[in-house]
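Work through the exercises below with the model open. Try each task before you read its solution.

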Amino acid sequence: MESVFGLVGKDFAIVVADSSAVHSILVHKTNEDKIMLLDSHKIMGASGETGDRAQFTEYIQKNVALYQFRNGIPLTTAATANFTRGELATALRKNPYQVNIILAGYDKETGPSLYYIDYIASLHKLEKAAFGYGSYFALSMMDRHYHRDMTVEEAIELVDKCIVEIRSRLVVAPPNFVIKIVDKEGAREYAWRQSIKDGSVLEA
Amino acid sequence: MSIFEYNGSALVAMVGKNCFAIASDRRLGVQLQTVATDFQRIFKIHGKLFIGLSGLASDAQTLYQRLVFRHKLYELREERDMKPETFASLVSAILYEKRFGPYFIQPVIAGLGDEDKPFICTMDSIGAKELAKDFVVAGTASESLYGACESMFKPDMEAEELFETISQALLSSVDRDCLSGWGGHVYLVTPTEVTERILKGRMD
C-alpha cells in the first residue's frame, strides 16, 4: 500500500512519497515518481489506484497551466486545492477517482501551505498529513517531533525518522522514497532515499 | 461502519431567551484515524443564520458551497437575507432532490427570525424537517447528546448560561463517543452580537 506524507516548515513545504509501482504481488519498478510538479511553486503527491493517480494528477497539472495561459497569473495553492476537490467531488458519484492527494505550494503573499484531499473529496488545510499504511507511523512520528517553523535540516531529519519507521515496522514496506520540496525558489526534487536500486540485483 | 460515521461528528443547537447557541466538535477522522483537530463544521450563512453539517465531510463541503451559492443569489434578487424558516425549506428541498442518491449529511440549522425570535431545526439526509422549541442534535454522538441536553436544558436561559449549558452538554457527550471530540466550537448568537468560542475538552 502506498505511503505519501508531507509537512510545512518555515517558508517551505515538503512532500514525500514511496516509489514502488506494485500490481498484486509483483513490484514492477521501484523508482516511480508519484509527486507531480503542478507548476513552478506547487507539488502534488498522490497515492491510490495507479491509472487514476497518473491520469488525475496530469489532468490537474494541465488545468493549472491552462489557467495561467488564460489569465496571465498563476493559481494560488488554495485555489488549486479547491479546484482539485471540486473535480474529485463531481466525479465521486459518477466515476470516482481512487486517488488520495497531498498538495503543497508556496505563495508569495501567504507563504507555504499543505492541503489534505482524500479520495472522497474531503479537503483540509493542515501542517502535517499522511496517507496509506505508512501514515500510522509517519503521523505518530510527526506528532512527536514536529513543531512550527522547522528548518529544512530539521524537517529532513524528521522525514528520515518517518521513513525509518515505515521501513522497519510495515510488513510490505516500500524500499525507496522520493522527497520533493517547495519554497520561494520554486518546486524541485530534493532527494531520493533508496535501499534498492533498479537493475542492481543480478549482474551476469 | 456506516458512511455517516466515516468522518465522525457531533452537533447541537439550543434556544435561549432571544438568543441561540450552536456547537460542534472539532475532529476530522477517517474511521479510526484522526486526521485533523480543527475541522470546521458550523458555517455562517448570514449574520443571524448558521448551519452545522454533520456526516460525511466531503458532502458537507459540497453542500455548504451549494447553499452559499443559493443564498447569495437570493440576496441579489430579494435584496435581503433569507429567513431561517425559508432557509430550512431550501435545505430540505436540496436534500430531497437527491432522494435516490443522497448527500450523507444531517444538517442543524439555527437562526434568528422575525423580531429576532430564535429558530432551530434539524433534518435527516433526505430533508425531513424536525422543528424543535428547545434543542436539536446530530452526528455520531447524537444519542449521548439527546440525554445530556434533555437533562441540562432549561427554557429561557440567558446568553451566558446558555453557553455554559451547551458547552457542558457537548463535551460530556463527545467524551463517550470515540469518533467525535478534540475540543468544541461554540457560536452564541444574540440580536446584537455573535460570539465564537473554542472549548478545550479531553483531547482524545
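The exercises cover the contact between two chains and one surface patch.

This is a predicted model, where local features need pLDDT of at least 70, side-chain atom pairs count only at pLDDT 80 or more, and totals for chains, interfaces and linings use all residues. Residues are numbered from 1 along each chain as its sequence is written, chains are lettered from A in the order in which they are written, and side-chain values use heavy atoms, without hydrogens and water.

**Exercise 1.** State how much area chain A and chain B bury between them.

*Solution.* Start with the term: buried area is the accessible area (1.4 Å probe) that two parts lose on being put together, summed over both. Here it is about 1400 Å². Carbon and sulfur atoms hold 46% of it. Next, look at chain A: A:Arg85, A:Arg93 and A:His124 supply 38% of the area this chain buries against chain B. No other three residues supply more.

**Exercise 2.** Find the salt bridge across the interface of chain A and chain B.

*Solution.* Apply the rule: a side-chain nitrogen of Lys or Arg lies within 4 Å of a carboxyl oxygen of Asp or Glu. It finds one such bridge across the interface. A:Arg93 pairs with B:Asp59, and their closest N and O atoms are 2.8 Å apart.

**Exercise 3.** Decide whether A:Met1 is buried or exposed.

*Solution.* Recall the cut-offs: buried is under 20% relative accessible area, exposed over 50%, partly exposed in between (1.4 Å probe, protein chains only). A:Met1 has 58%, so A:Met1 is exposed. A:Met1 also joins A:Tyr133, A:Tyr136 and B:Leu32 in a nonpolar surface patch of about 500 Å². Such patches take residues with over 30% relative accessible area and no salt bridge, with nonpolar side chains (Val, Leu, Ile, Met, Phe, Trp, Tyr) joined within 5 Å.

Technical notes
Patch = residues over 30% accessible without salt bridge, like charges linked within 9 Å, V, L, I, M, F, W, Y side chains within 5 Å. Areas by Shrake-Rupley, 256 points an atom, 1.4 Å probe, with all protein chains shown as cover.
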